[in-house]
Amino acid sequence: MSDTQPTVRLRETLASVPAYKAGKPAAPREDLVTYKISSNENPYPPLPSVVQVVADAAARMNRYPDPAVRALTEALADRWGVTPDEVTTGTGSVGVLGTLVQITCDPGDEIVYAWRSFEAYPIVAALADAKSVQVPLDSQAKHDLDAMAAAITDRTRLVIVCTPNNPTGPSLGDDELRAFLAKVPSDVLVVIDEAYLEFVEPDKQLDALAIYRDHPNVCVLRTFSKAYGLAGLRVGYCIAHEPVAEALRKAALPFGVSDLAQLAAVASLEAYDELQERVDALMTERSRVADALAEQGWEIPESQANFVWLPLGDDALAFAAAADQEGLVVRPFDGDGVRCSIGEVEANDRLIEVCREFRTR
């Protein structure tokens, strides 16, 4: 056997793919309880009824899951008043997004989205050899829709609108999104990414499905990872007009959604009234944290998600280090700010105290 190892030729585009920086787990300490508020996870454990469904299904995991994910597809269609042909599923909303990029973009095509926004956007774009067109947020850390419309060119194939925006928190309204869509060419697919939909206050909720029904070039992306508390099972979905939905099914990874994930998602839909109580509690905590920070003198964007954004700029890493010393893991974005998930009451109390100490250091 030769001592010379062959050099495998990999895709050149990989050099331009940014690494996803996941929130690190909170390291256990003997002197205090540590909390991870860096990944926007739901701090509540799954509902007992959902756990039981998953436990029962685990005895059958020697079998392949249903490749059509029929039970969940039909449940989602029934819940949102669409046909099953308009619903596609995947491994979290980011898995579906990756497929959306695959079915719309050839090498060199453009994807327009706000920045800073979800970290996966530049990754899925780069993997498809597509060009990211990042449009800066406005002064309120919100999408600058006029600038996004102006950034669309003949090479634009996909536009992503994240509302509420991750990691900054503001959401968009019906009128402003409809005005934006009036400027988008009809052959450009617009993805409304609503991963944090359930945390939006009722009077500020965007009626994305009404907008979807009025625009053949719009699809709606959602997930079970946040409000439903199924982050570890990786299941998301897209509501799209049939030509797009059919293409999504054609390009989807076979057997991507496990049987455990499908059954847990269906059970969670059935138990949403119970889950709503948890969502309401998290929204109350979000308001409490935001009010406390405002009293301390922080100027933060209005968040409609399950996190708050601290626009710390070059102090982001220093704040993360200070939080870590107090047993609190947050998510810094170097040069921009820090995203802090709304977690357990105790974690939120500690965040408020860390913020107070950081401002008075």
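This report walks through the annotated regions, sheets, largest pocket and some backbone details of a predicted model.

## Annotated regions

Let's start with what the database record says. An unreviewed UniProt entry places the feature "domain: Aminotransferase class I/classII large" at residues 37-342. In the model, that span is 40% helix and 17% strand, and its end C-alpha atoms lie 7 Å apart.

The unreviewed UniProt entry also lists a "coiled-coil region" at residues 265-292. Here the chain is 96% helix and 0% strand, with 35 Å between the end C-alpha atoms.

## The seven-stranded sheet

Seven strands make up an open sheet with mixed pairing, and their order is 2-8-7-6-5-3-4. Strand 2 (87-90) and strand 4 (131-136) are the edge strands; each has a single partner strand, so one side of each has no neighbour in the sheet. On average, neighbouring strands of this sheet are turned by 25° against each other, direction ignored.

Helix 8 (residues 242-251) packs on this sheet, where it touches strand 2, strand 6 (189-193) and strand 8 (236-239). The direction of helix 8 makes about 30° with that of strand 2. At the strand 4 edge, strand 3 (residues 110-115) and strand 4 run parallel and are joined by six bridges. If you want a pair to look up in the viewer, Tyr113 has Gln134 in strand 4 as its bridge partner.

## The three-stranded sheet

Another open sheet has three strands in the order 9-12-11, and its pairing is antiparallel. Its edges are strand 9 (307-310) and strand 11 (331-333); since each has a single partner strand, one side of each is left without a neighbour in the sheet. Neighbouring strands here are turned by 20° against each other on average, direction ignored.

Strand 11 and strand 12 (residues 337-341) run antiparallel, with three bridges between them. Within this pairing, Phe333 has Gly337 of strand 12 as its bridge partner.

## The largest pocket

Now for the part you may want to open first in a pocket viewer. The largest pocket has a volume of about 590 Å³ and is lined by 33 residues. Nearest its centre lie Tyr20, Ser39, Phe118, Lys226 and Arg234. By residue class, the lining of the largest pocket divides into 15 nonpolar, nine polar and nine charged residues.

Which elements give two or more residues to the lining of the largest pocket? They are helix 3 (92-104), helix 4 (120-127) and strand 11. Helix 4 provides the largest share of this lining, with five residues. Strand 11, for its part, is also an edge strand of the three-stranded sheet.

## Backbone details worth a look

Two cis peptide bonds can be found in the loop between strand 5 and helix 6. The bond from Thr163 to Pro164 is cis, with omega near -5°, and Pro164 sits in the loop between strand 5 (156-162) and helix 6 (174-181). The bond joining Asn166 and Pro167 is cis as well, with omega about 25°; Pro167 is found in that loop too.

Ala141 is a residue other than glycine with a positive phi, near 60°. Ala141 belongs to the loop between strand 4 and helix 5 (145-151), and strand 4 is one of the edge strands of the seven-stranded sheet.

Note on methods: Residues are numbered from 1 along each chain as its sequence is written. This is a predicted model: local features need pLDDT of at least 70, side-chain atom pairs count only at pLDDT 80 or more; totals for chains, interfaces and linings use all residues. Side-chain values use heavy atoms; hydrogens and water are left out. UniProt positions are given in the numbering used here, feature names are shortened, and annotations may be inferred rather than shown by experiment. Helices (H or I, at least four residues) and strands (E, at least two) are DSSP runs, numbered from the N terminus. Two strands pair if DSSP finds at least two bridges between them. Axes are lines fitted to C-alpha atoms, for helices over the stretch in contact, and angles run from 0 to 180 degrees between N-to-C directions. Contact means heavy atoms within 4.5 Å. On a 1 Å grid over the protein atoms alone, a cavity is a set of points where a 1.4 Å probe fits but cannot get out, and a pocket is an open set with protein on both sides within 12 Å along at least five of seven lines; lining residues have an atom within 4 Å of a point. Grid points are joined across faces, edges and corners, and a volume is the space filled by probe spheres set on the points. Ala, Val, Leu, Ile, Met, Phe, Trp, Tyr, Cys and Pro count as nonpolar, Asp, Glu, Lys and Arg as charged, and the others, Gly among them, as polar.
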